[in-house]
Amino acid sequence: MTQALSLVQSVDWLAIAPPTLAAAVALVVLVADLFLPAARKSLLGWLATAGLAAAALLLLPLLDGRRRTFCLTGTPTACSYVADHFTLVIQFLVLAGALLTALLSIDTLKDHDLPAGEYWFLLLSSAAGAALLPASRDLATLVIALEVASLPAFALVGLRRGDRLSSEAALKFFLSSVAATAVMLLGVSFVYAATGSLHLSRVAHALTALPDPRLATLAGTGVALTLVGFAFKTAAAPFHFWVPDTYVGAPLPIAAYLSVVGKAVGFSGLILVTVQGFPAYADVWGPALAVLAALTMTVGNAAALRQDPARTHSAVRLLAWSSVGQAGYLLVPIAAAGYAHDPAHAIGSTVAYALMYAAVNLGAFAVAALVARTSPANRLADYRGLYHRRPLVAFALGFFLLCLAGLPPGIIGLFAKVTVFSSAVDAGLGWLAVVMAVNVVIALYYYLQWTALLFRPAEAPAVEPAEQPRAPIPAALSTALALATVLGVALSGAPQLVLRFAAGALL
C-alpha cells in the first residue's frame with residue numbers, strides 16, 4: 001500500500017495555470033458559441049482576449065522560477081513540466097503575442113464573415129499548446145505541445161471558406177508540417193531507443209556514455225532527424241517554402257500569429273532539445289545550425305529584396321520573407337551555444353532578439369491589417385503617401401521597419417542585432433558573423449525602401465475623386481497598434497534589457 005501511494009504524483013496547479021487557463025477559456029468559448037445569438041458573437045472575441053490577458057497575469061506568481069511538477073518519483077530533478085525563467089519569458093511572449101493577435105482579429109472576423117466560435121476556440125487552443133511547450137522537459141510532452149500548437153493553426157489558415165488562396169495555403173502548411181512531424185517523431189524514437197529515457201536531463205546524461213558504438217550511431221541519427229523537425233517549425237531554409245504562400249492565404253492576424261508565436265514555439269523547442277537534451281552532440285548540431293542560420297538569412301533577405309511593389313499581396317510577402325531572414329538571425333546564438341562552454345548563457349541572445357522581433361513584427365502586421373481595410377490587395381504601392389493620409393500610423397510603421405533593420409530610432413533592433421553578432425564572434429564563428437553583416441546590409445535596402453515609400457506623395461488619380469471623410473480606426477485594431485508601438489518605444493528606451501537577457505542564464 002505504501003509503495004502504491006509513493007507512485008502518485010502531486011500536481012502544482014499554480015505552475016501549470018497559464019496554459020491550463022487558456023485551454024479552459026477555449027472550451028468556454030466553444031460552448032458559449034452554441035447559445036449566443038449571431039448579433040452577440042462579438043462577445044466571444046472579448047472573452048478570448050480577457051482569457052489570454054488573465055493567463056498572462058498568472059505568470060506573476062511564478063516569477064521566482066523555481067516551480068516544477070510531474071516529476072519522476074524518487075528523481076525530483078527529472079520533471080516533465082518546469083516553470084523556470086526561460087519558460088516564463090517564452091510564455092509571456094506567446095500569451096502577449098496571442099493577445100495582440102486577438103485584438104487584430106476582432107474586426108477581421110466581422111469584415112470577412114469568419115465563424116467566431118471556431119476561430120476563437122482554435123486560436124486559444126493553439127496558444128495553450130504554445131504556452132505549454134517551453135515548460136516541457138521530456139520529448140513526449142515537447143512533441144504533444146508542438147502538435148497542440150500547430151494543428152489548430154492549420155485550420156485557422158484555411159478558415160476563409162471558398163477562398164482558393166486560403167485552401168491552398170492550409171493544404172501546403174498541413175502536408176509539409178505533417179512530413180516534418182513524422183521525421184521528428186522518428187528521430188525522437190531513435191533517441192529513446194538509444195538512451196532508454198524521454199526526460200531531457202536523463203537523455204543528456206545517457207548520451208555522454210553510450211556503451212555500444214551502434215547506439216551512438218542511432219542516437220546521432222535521432223538527433224539529426226529531431227533537428228530537421230524543429231527546423232521546419234522555425235522556417236529555417238531549406239524548410240521554409242511554406243511560409244510566403246501560407247502568410248498570403250491566411251487571415252492577416254493569423255499570419256502575424258504564425259510569424260511571432262509560431263516562431264517562438266519552434267525556437268523554444270529547438271533550444272530545449274539542443275542545450276538541455278543533446279549537449280553531448282554539440283559537435284553535430286552546432287555546425288549544422290550555423291549552416292542553417294547562414295542559409296536562412298540569405299534566402300529570406302534575397303527573396304524579400306526581389307518583391308515587386310505592384311504585385312498583389314506584396315506587402316505580406318515581404319513580411320513573410322523578412323520573417324525567414326529574421327529566423328536566420330535567431331538561429332545564430334543557438335548555433336553559437338554548440339561551441340560555448342556554458343550553452344545556457346549563449347541562448348539569452350536568441351530570447352532577447354525574439355522579444356524585440358515579436359513586438360515590432362506584430363506592430364507591422366497591425367498596420368498591414370489597417371491598410372488592408374481600404375486596399376485589400378495589400379501591395380507595397382498601396383503604402384505610398386500613407387503619411388499624408390494617416391501620419392501617426394506612417395510613423396509607427398516606419399519605426400517598426402527601422403527596428404527590424406536595426407537603425408535608430410529603433411535602438412532595440414540595433415542592440416538585439418549587436419548581441420546576436422557578438423554571440424557568433426565569441427563562439428569563434430567569424431564566417432557566420434560576416435554572413436550576418438552582409439545580410440543586415442541587404443535587409444537595410446528593402447526596409448528603407450518601404451519606409452521611404454510611406455512619406456512620398458501619393459500618385460494623383462486620373463479623375464479626382466470627391467472628398468470623403470476618413471474612416472476611423474476600429475477600437476480593437478487601434479489598441480493593438482498602440483500596444484505594439486508603446487512596447488517597441490519602451491524597449492528602445494531601455495536597451496540594457498537586451499544586454500541583461502543576453503548575459504543571463506535563463507535555463
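## Rings, a disulfide and a pocket

At 1% relative accessibility, Phe-365 falls under the 20% limit and so counts as buried. That value, like everything below, comes from a predicted model.

Phe-365 has a ring partner in Tyr-247, which is buried too, with a relative accessible area of 0%. Where do these two sit in the chain? Tyr-247 belongs to helix α10 and Phe-365 to helix α15, 118 residues apart, so this pair links distant parts of the chain. Their ring planes meet at 65°, which is over the 60 degrees needed, so the pair is edge-to-face.

A search of the whole structure turns up 13 aromatic pairs. Another of these brings together Phe-232 and Trp-242, whose planes stand at 40°, so this one is tilted. Phe-232 lies in helix α9 (residues 213-233), while Trp-242 is in the loop between α9 and α10 (243-249), so the contact ties together parts that are ten residues apart in sequence. Both Phe-232 and Trp-242 are buried. They also belong to a cluster that ring pairs build from Phe-154, Phe-173, Phe-174, Phe-232 and Trp-242.

Here are the two ring pairs side by side:

| Pair | Distance between ring centres | Angle between planes | Geometry |
|---|---|---|---|
| Tyr-247 and Phe-365 | 6.4 Å | 65° | edge-to-face |
| Phe-232 and Trp-242 | 5.2 Å | 40° | tilted |

Now for the cysteines. How many disulfides does a search of the whole structure find? Just one. Cys-71 and Cys-79 form it, with their sulfur atoms 1.9 Å apart. The angle about the S-S bond is 95°, and the link of Cys-71 and Cys-79 is right-handed. Both ends are tucked away: Cys-71 is buried with a relative accessible area of 17%, and Cys-79 is buried at 3%. Elsewhere, Cys-403 is buried as well, with a relative accessible area of 0%.

Last up is the second largest pocket, with a volume of about 730 Å³. Its lining takes in 29 residues, and Phe-92, Leu-93, Ala-96, Leu-355 and Leu-487 are the ones nearest the centre. Which helices build the wall? At least two lining residues come from each of α3 (42-57), α4 (85-112), α15 (348-372), α20 (475-493) and α21 (496-503). Of the contributors, α4 gives the most, with nine residues. As for chemistry, the lining of this pocket has 27 nonpolar residues, two polar ones and no charged ones. Helix α15 turns up twice in this account: it supplies lining residues to the pocket, and it carries Phe-365.

Note on methods
Residues are numbered from 1 along each chain as its sequence is written. This is a predicted model: local features need pLDDT of at least 70, side-chain atom pairs count only at pLDDT 80 or more; totals for chains, interfaces and linings use all residues. Side-chain values use heavy atoms; hydrogens and water are left out. On a 1 Å grid over the protein atoms alone, a cavity is a set of points where a 1.4 Å probe fits but cannot get out, and a pocket is an open set with protein on both sides within 12 Å along at least five of seven lines; lining residues have an atom within 4 Å of a point. Grid points are joined across faces, edges and corners, and a volume is the space filled by probe spheres set on the points. Helices (H or I, at least four residues) and strands (E, at least two) are DSSP runs, numbered from the N terminus. Ala, Val, Leu, Ile, Met, Phe, Trp, Tyr, Cys and Pro count as nonpolar, Asp, Glu, Lys and Arg as charged, and the others, Gly among them, as polar. Rings of Phe, Tyr and Trp (its six-membered ring) pair if their centres lie within 6.5 Å; planes under 30 degrees apart count as stacked, over 60 as edge-to-face and the rest as tilted. Buried means under 20% relative accessible area, exposed over 50%, partly exposed in between (1.4 Å probe, protein chains only). A disulfide is a pair of cysteine sulfur atoms within 2.5 Å.
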